[in-house]
Amino acid sequence: MAIDMSKMKKKLNKLNNKGGNGARYFKMEIGNTYEIRILPTPDGDPFKQFFVHYRVGDSAPFLSPKKNFNEDDALDRFVRKLYDEGSDESRNMARELSAKARFFSPVIVRGHEDDGPKVWSYSKTVYQELLKTVLDPDFGDITDPSSGFDLKVTYDKNAGKMYPETTVRPRPKASKLSKDESQVEEWLANLPDIDAMQSRKTPAEVQEILDAFLMSDGADPEALASESTRAGGNSRVANALADLV
């Protein structure tokens, strides 16, 4: 019997998807519209929420120990000190360093079904739109494999906007996840482990990331704190640094 090349391709794609977290994410390009289907999850909640820190110095994104796990968190304390300091500069920095709510769902991307389940990461605004759709009696359970709904997702940057925006709308007609029932079973049996795909840091590691960020301009934290005090609390670390060193 000859080798079934379509099965071999699926096996290869499955191996490639295990090659790293980035391989499992659904990546969108500006100016494109995609059609996706959110997959049902065993716990009945396909919308997973995490609080993620972005752009903290050279660090890759990582989960907030405080907001996700209620652990000791030097960065969370630093952000609160910046807010308490009260200057425009300190508040702007606090907003940049604060953990952002981010949501994650397993999806199939239409036209790329052979890639298997991917993880879609999206904002609170998109999450709210998805909840409205689910609670709309015209749609309901959009993840149902037999009678759910695909979504049209547009990712674009409008003139005058700093960042791209994502818009989502459900297709008007219900559809099957796939006509191939064995394919559906395979997808649902191989959902990405969204928890494992997140970068979790220990409190000590977060402290190191914060220290590296504060030292990124080559200055000494104690000197910066003293400078802040002399300047009346208007430097970038202000009273926050004075309390932390």
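Here is a short walk through one strand, the helix that follows, and two serines in loops. Keep in mind that this is a predicted model.

Let's start at strand 5, residues 118–122. Five of its five residues are buried, so the strand is mostly covered, with buried here meaning under 20% relative accessible area. The side chains go two ways: Lys118, Trp120 and Tyr122 point to one side, while Val119 and Ser121 point to the other. Both sets are buried, and that includes the lysine. For a partner, look at strand 4, residues 100–109, which runs antiparallel to strand 5 and is joined to it by five bridges. If you want a spot to centre your view on, serine 105 sits opposite tryptophan 120 of strand 5.

Now move along to helix 5, residues 124–135. Its length is easy to check: with 12 residues at 1.5 Å a residue, the helix should span 16 Å, and the end C-alpha atoms are indeed 16 Å apart. Which residues of helix 5 are buried? They are Val126, Leu130 and Thr133. Viewed down the helix axis, these buried residues fall within an arc of 60°, so they line one face of the helix. The spacing makes sense, because an α-helix has 3.6 residues a turn and residues three or four places apart point the same way. Flip to the face turned away from that buried side and you find Thr125, Lys132 and Leu135, which are exposed. And what do the buried residues of helix 5 pack against? Strand 5 is one of the elements, and the others are strand 1 (32–38), strand 6 (151–156) and strand 7 (165–170).

Next, the two loop serines. Serine 98 is found in the loop between helix 4 (88–97) and strand 4. With a relative accessible area of 12%, serine 98 is buried, because the cut-off is 20%. A polar atom of its side chain lies 2.6 Å from the backbone oxygen of alanine 94. Leaving out residues up to four places away in sequence, serine 98 touches Val52, His53, Val79 and Tyr83.

Serine 178 is in the loop that links strand 7 to helix 6 (181–189). At 15% relative accessibility, serine 178 counts as buried too. Here the side chain has a polar atom 3.1 Å from the backbone nitrogen of aspartate 180. With residues up to four places away in sequence again left out, serine 178 touches Gln183, Val184 and Trp187.

Conventions:
Residues are numbered from 1 along each chain as its sequence is written. This is a predicted model: local features need pLDDT of at least 70, side-chain atom pairs count only at pLDDT 80 or more; totals for chains, interfaces and linings use all residues. Side-chain values use heavy atoms; hydrogens and water are left out. Buried means under 20% relative accessible area, exposed over 50%, partly exposed in between (1.4 Å probe, protein chains only). Helices (H or I, at least four residues) and strands (E, at least two) are DSSP runs, numbered from the N terminus. Two strands pair if DSSP finds at least two bridges between them. The expected span of a helix is 1.5 Å times one less than its number of residues. The arc is that of the directions from the helix axis to the C-beta atoms. Contact means heavy atoms within 4.5 Å. A polar contact is a pair of N or O atoms within 3.5 Å; within protein, one must be able to donate a hydrogen and the other to accept it, and residues adjacent in sequence count only if both atoms are side-chain atoms.
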